[in-house]
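Reader: I'm new to this one and would like a close look at a single part. Please start with how the pieces are arranged, then show me what holds up under a closer look.

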There are 2 protein chains.
Amino acid sequence: MTSLIAIDWGTTSFRAYRLSEQGTIIDKRQSANGILAVEGGQFADMLVTQVGDWMDSEPDAPVVMSGMIGSRQGWQEIGYVTGQPGLAEIASGMGQIALDSGRVVWIAPGYSCLNADGQPDVMRGEETQILGAVSGKSGAYTFCLPGTHSKWVTVVDGKINGFTTFMTGEVFYVMCQHSILRKLMTDQGRIETDAVRWFDDGVDKAKAGISLLSGFFGVRARALFAEIPEAYTKDYLSGLLIGTEIRDAYKDNTTEVTMIGSGPLIELYGRAIKSFGGQAQLANENLAAAGIYQLAKEIR
Amino acid sequence: MTSLIAIDWGTTSFRAYRLSEQGTIIDKRQSANGILAVEGGQFADMLVTQVGDWMDSEPDAPVVMSGMIGSRQGWQEIGYVTGQPGLAEIASGMGQIALDSGRVVWIAPGYSCLNADGQPDVMRGEETQILGAVSGKSGAYTFCLPGTHSKWVTVVDGKINGFTTFMTGEVFYVMCQHSILRKLMTDQGRIETDAVRWFDDGVDKAKAGISLLSGFFGVRARALFAEIPEAYTKDYLSGLLIGTEIRDAYKDNTTEVTMIGSGPLIELYGRAIKSFGGQAQLANENLAAAGIYQLAKEIR
């Protein structure tokens, strides 16, 4: 029997889970219907399209959502919790929306802090994944969530201490697509198994303290002098950027890092963290569902 | 009487000077016919279109060019001089092209070094401007040439010691035009005289050691919390980038910096250098013409 319908509704993806009373995933669905795919504010209709059958068959199961669905561009803006929140504080920031049917759906808040660089920083969705990751665990943890806007998060005894966001993935994308470097970036002759060597080379440059702004120009200059084959300039740039992020984010590299994510990017981050003398492990999957399960227990 | 036709032929601009025997500028012309505007390799035709009348009236005056015209994308690729070249070494790297008329035109070489970050670096055209700036001067100089690809150059007793290129202007452009930050960057309500405050704020963040990758995300987060009005996010980003360049390039800020360039960008660099506790002065104009004049004396 489904006791919870958990939804991780992001900018470009919609992920839904049916959970048992014990938090086991009974069923899951995923689509590209992130908030950007919803036109004219028709979020309620999209929800029904995606999981209406689940909702009909389990009329008493709470529907709890996290992610960008609670942002200004989402269904309803839910504020940010601040300070060093644990499960109770994040749960207390949840908002609700009553559907036309009278059923209530819940949306998790975002989390905002003053980051390591002394500037305000924001997350939405990651705080729920973190709750899933640290549920029932005490002690100190460092999390890395690689991506378009990578986040490094510290947690002590179940409370989020703070975090910093790095625009690494997006800078990689715009430099590859729109800078003068794009002309070098052919995949012609690229052999996948050789690519990691050039990724490592970029990480090493970052580790040696290169300025990112001169490092970018160096991609071009090194290709000009055939120090880097053009087919691998993208891999080198990736290493340079991820290495710079790790250099700036992971100052205490004696702490083990728990990476949240999947796919080739996670492998590259793990490799780079190791190159900095650190240790990285991979978190379980479906952490959003696990975090929403914890939040849902607080509202019952 | 014209004794030299000097041409600074760059990627997007063509600047020509008629110089007297003493190096005085008698006349000058400028157009947007940089090498990108020349189709099908018709550089000789373009030269005649631009300064054919000068060439006809002074058949014995050398025609000497510097800049991207000597690059692979230009008229003829002229190699790079290396090491710590002065006037004689740069002049010895010049190449010549014989026109159909039999007249010879000269092209200055580029200059390549291993930069402060240990990577190969290249310039084309700037070395000639530097020659113009240090002609007849001994002592140590630090030059800053702000722009799309800013260069920081050190010269001792007329010899170029080395330099480092920073992709500052281009990163500013791609982040403004193509990143998620573009959505914030309205000019609506922006008051020019207030902008410098936000530029300074970005410089201060860089000075405090902020990571550029987190600083980029901070533009968005600070705007979200109304710490920076959206109309000034571009100014703040400009300060963040220029400040980061200066932090990484200008480690010995007791040396006076001579800036080569003109316009509002030079004013911003001067302001930021001062904020780092350094001193900046502006070089004379028409340094390319002055440098080519020095080179031309070597070939006569």
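Author: Let's start with the pair of chains in this predicted model. A rotation of 180° with 0.0 Å of shift along its axis puts chain A on chain B, with an RMSD of 0.0 Å (a least-squares fit on the C-alpha atoms of residues with pLDDT of at least 70 in both). That is how a two-fold axis relates two copies. If you look in chain A for the C-alpha nearest that axis, you'll land on A:V174, 3.2 Å from it. Both copies use the same surface, with 100% of the contact residues of chain A turning up again in chain B (contact means heavy atoms within 4.5 Å).

A bit of bookkeeping. Residues count from 1 along each chain as its sequence is written, while chains are lettered from A and ligands numbered from 1 in the order in which they are written. Because the model is predicted, local features need pLDDT of at least 70 and side-chain atom pairs count only at pLDDT 80 or more, while totals for chains, interfaces and linings use all residues, and side-chain values rest on heavy atoms, leaving out hydrogens and water.

Now zoom in on the interface. There, 47 residues of chain A touch 47 residues of chain B. Together the chains bury about 3700 Å², 69% of it on carbon and sulfur atoms (buried area is the accessible area, with a 1.4 Å probe, that two parts lose on being put together, summed over both). On the chain A side, A:M167, A:L213 and A:F217 lose the most area to chain B, and the three of them together make up 20% of what that side buries. If you go hunting for salt bridges between chain A and chain B, you'll find zero (a salt bridge needs a side-chain nitrogen of Lys or Arg within 4 Å of a carboxyl oxygen of Asp or Glu).

Over all chains, though, the search gives 24 salt bridges. One of them joins the side chains of A:R72 and A:E77 at 3.4 Å, N to O. A:R72 is exposed at 53% relative accessible area, and A:E77 is partly exposed at 42% (buried is under 20%, exposed over 50%, partly exposed in between, with a 1.4 Å probe and protein chains only).

Another salt bridge pairs A:R190 with A:D235, with the closest N and O atoms 2.7 Å apart. This one spans distant parts of the chain: A:R190 is in the loop between α4 (168-178) and α5 (192-207) of chain A, A:D235 is in helix α7 (residues 233-249) of chain A, and they are 45 residues apart (helices are DSSP runs of H or I with at least four residues, strands are E runs with at least two, numbered from the N terminus). A:R190 is partly exposed at 28%, whereas A:D235 is buried at 12%.

Over in chain B, the side chains of B:R222 and B:D201 meet in a salt bridge at 3.1 Å, N to O. It links helix α6 (residues 212-224), home of B:R222, to helix α5 (residues 192-207), home of B:D201, with the two positions 21 residues apart in sequence. B:R222 is buried, with just 7% relative accessibility. Back in chain A, salt bridges with shared partners tie A:R190, A:E192 and A:D235 into one network.

Next, the rings. There are 18 aromatic pairs over all chains (Phe, Tyr and Trp rings, the six-membered one for Trp, pair with centres within 6.5 Å; planes under 30 degrees apart are stacked, over 60 edge-to-face, the rest tilted). A:W9 and A:F43 have centres 5.9 Å apart and planes at 70°, so they sit edge-to-face. A:W9 is in strand β1 (residues 4-9) of chain A and A:F43 is in helix α1 (residues 43-57) of chain A, 34 residues apart. Both A:W9 and A:F43 are buried. In chain B, B:W9 and B:W75 are also edge-to-face, 6.3 Å centre to centre with 75° between the planes. B:W9 lies in strand β1 (residues 4-9) and B:W75 in the loop between β4 (63-66) and β5 (80-81), so this pair ties together parts 66 residues apart in sequence. B:W9 and B:W75 are both buried. Finally, A:W9, A:F14, A:F43 and A:W75 make up one aromatic cluster.
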